[in-house]
Amino acid sequence: MILATGAGLVVALAFAAWGAGLRINMTPSYPRGLWRIAPLDRAVAVGDLVFICPPDTVEFERAFDRGYIRRGLCAGGLSPLIKTVAALSGQRVDIAERVSIDGKPLPDSDVRHRDAAGRSLSPFVGGVIPAGELYLHSDFRGSYDSRYFGPLPSSGVLGLARPILTLSP
């Protein structure tokens, strides 16, 4: 009886935390720990750190299979990503050995052609970001971000990402 009550309490607390916008980040792209999804009452801007749901595509299912992302409550059963908005619709992204946005180099944006397990990575081809999409970045060297999957629909933004209790990667 005590064990069942304790388990029920843990489940209730987990649902309450989820409903309050709390999430646990276990990926190294940003500090691991407890984060909060803060409401975004304005248009997304360059420099915003956001939670965003990836689209339900073959590319993201492959990313899950490779361990780049985890399961969660977004479309296709995937977890939301924490990324920094680096470019908006209409901006030009060029991909070479590193990323440039509107002709300016993006810091910490070296493009890798193999992941940590030695598997091939195909960089995004670049171009003008389409209407309603965002180019996302993390300065973590091994991050799986728009360098590889390209821009994502801005409709997937859940809100701003705010650290609550985190540990540096």
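A polar contact is a pair of N or O atoms within 3.5 Å, where, within protein, one atom must be able to donate a hydrogen and the other to accept it. In this predicted model, such a contact, 2.9 Å in length, joins the side chains of Lys83 and Ser143. The chain that holds these two residues has 169 residues, of which 40% are buried, and its secondary structure comes to 3 helices and 11 strands. The points below begin with the fold and its sheet, and then turn to individual side chains.

**Overall fold and sheet**

- Followed along the sequence, the helices and strands come in the pattern α-β-β-β-α-β-β-β-β-β-β-α-β-β.
- An open sheet is built from 7 strands, which stand in the order β1-β2-β11-β3-β4-β9-β10 and pair in the antiparallel sense.
- The edges of this sheet are formed by β1 (22–25) and β10 (152–153), each of which pairs on one side only.
- Within the sheet, strand β4 (residues 81–87) and strand β9 (residues 133–137) are joined by 3 bridges and pair in the antiparallel sense, and Val85 has Leu136 in β9 as its bridge partner.

**The edge strand β1**

- Strand β1 runs antiparallel to strand β2 (residues 32–38), and 4 bridges join the two.
- The two strands make a hairpin, with 6 residues between β1 and β2, and in this pairing Arg23 stands opposite Trp35 of β2.
- In a regular strand the side chains alternate between the two faces of the sheet.
- For β1, the covered face carries Arg23 and Asn25, whereas Leu22 and Ile24 belong to the uncovered face.

**Lys83, a buried charge**

- Lys83 has its place in strand β4, and although this residue is buried, it has no salt bridge.
- The nearest side chain of opposite charge to Lys83 is that of Asp145, at 5.4 Å; because a salt bridge requires a side-chain nitrogen of Lys or Arg within 4 Å of a carboxyl oxygen of Asp or Glu, the distance to Asp145 does not qualify.
- What the side chain of Lys83 does have is the polar contact with the side chain of Ser143, at 2.9 Å.

**Aromatic rings**

- The structure holds 7 aromatic pairs.
- In one of these pairs, the rings of Phe60 and Phe149 have their centres 4.9 Å apart and their planes at 50°, so the pair counts as tilted.
- This pair links distant parts of the chain, since Phe60 lies in helix α2 (residues 58–66) and Phe149 in helix α3 (residues 146–149), with their positions 89 residues apart in the numbering.
- Phe60 and Phe149 are both buried, and ring pairs link them with Tyr68, Tyr144 and Tyr148 into a cluster.

**Arg71, a side chain with two partners**

- Arg71 lies over the face of Phe64, at 3.7 Å from the ring centre.
- The side chain of Arg71 also meets that of Glu61 in a salt bridge, with a distance of 3.0 Å from N to O.
- Glu61 belongs to helix α2 and Arg71 to the loop between α2 and β4, so their salt bridge ties together parts that are 10 residues apart in sequence.
- Both partners count as partly exposed, Glu61 at 27% relative accessibility and Arg71 at 43%.

**Further salt bridges**

- Side chains of opposite charge can pair when their charged atoms come close.
- The structure holds 7 salt bridges, and among them is the one between Arg92 and Asp94, whose closest N and O atoms are 3.2 Å apart.
- Arg92 is partly exposed, with a relative accessible area of 40%, and Asp94 likewise counts as partly exposed, at 33% relative accessibility.
- Another salt bridge joins Arg119 to Asp115, the closest N and O atoms being 2.7 Å apart.
- In this second case Arg119 is partly exposed, with a relative accessible area of 30%, whereas Asp115 counts as buried, at 9% relative accessibility.
- Asp115 and Arg119 also belong, together with Arg66, to a network of salt bridges.

How values were computed: Residues are numbered from 1 along each chain as its sequence is written. This is a predicted model: local features need pLDDT of at least 70, side-chain atom pairs count only at pLDDT 80 or more; totals for chains, interfaces and linings use all residues. Side-chain values use heavy atoms; hydrogens and water are left out. Two strands pair if DSSP finds at least two bridges between them. Rings of Phe, Tyr and Trp (its six-membered ring) pair if their centres lie within 6.5 Å; planes under 30 degrees apart count as stacked, over 60 as edge-to-face and the rest as tilted. Buried means under 20% relative accessible area, exposed over 50%, partly exposed in between (1.4 Å probe, protein chains only). A charge sits over a ring if NZ of Lys or CZ of Arg is within 6 Å of the ring centre and within 35 degrees of the ring normal. Lys and Arg count as positive and Asp and Glu as negative; His and the chain ends are not counted.
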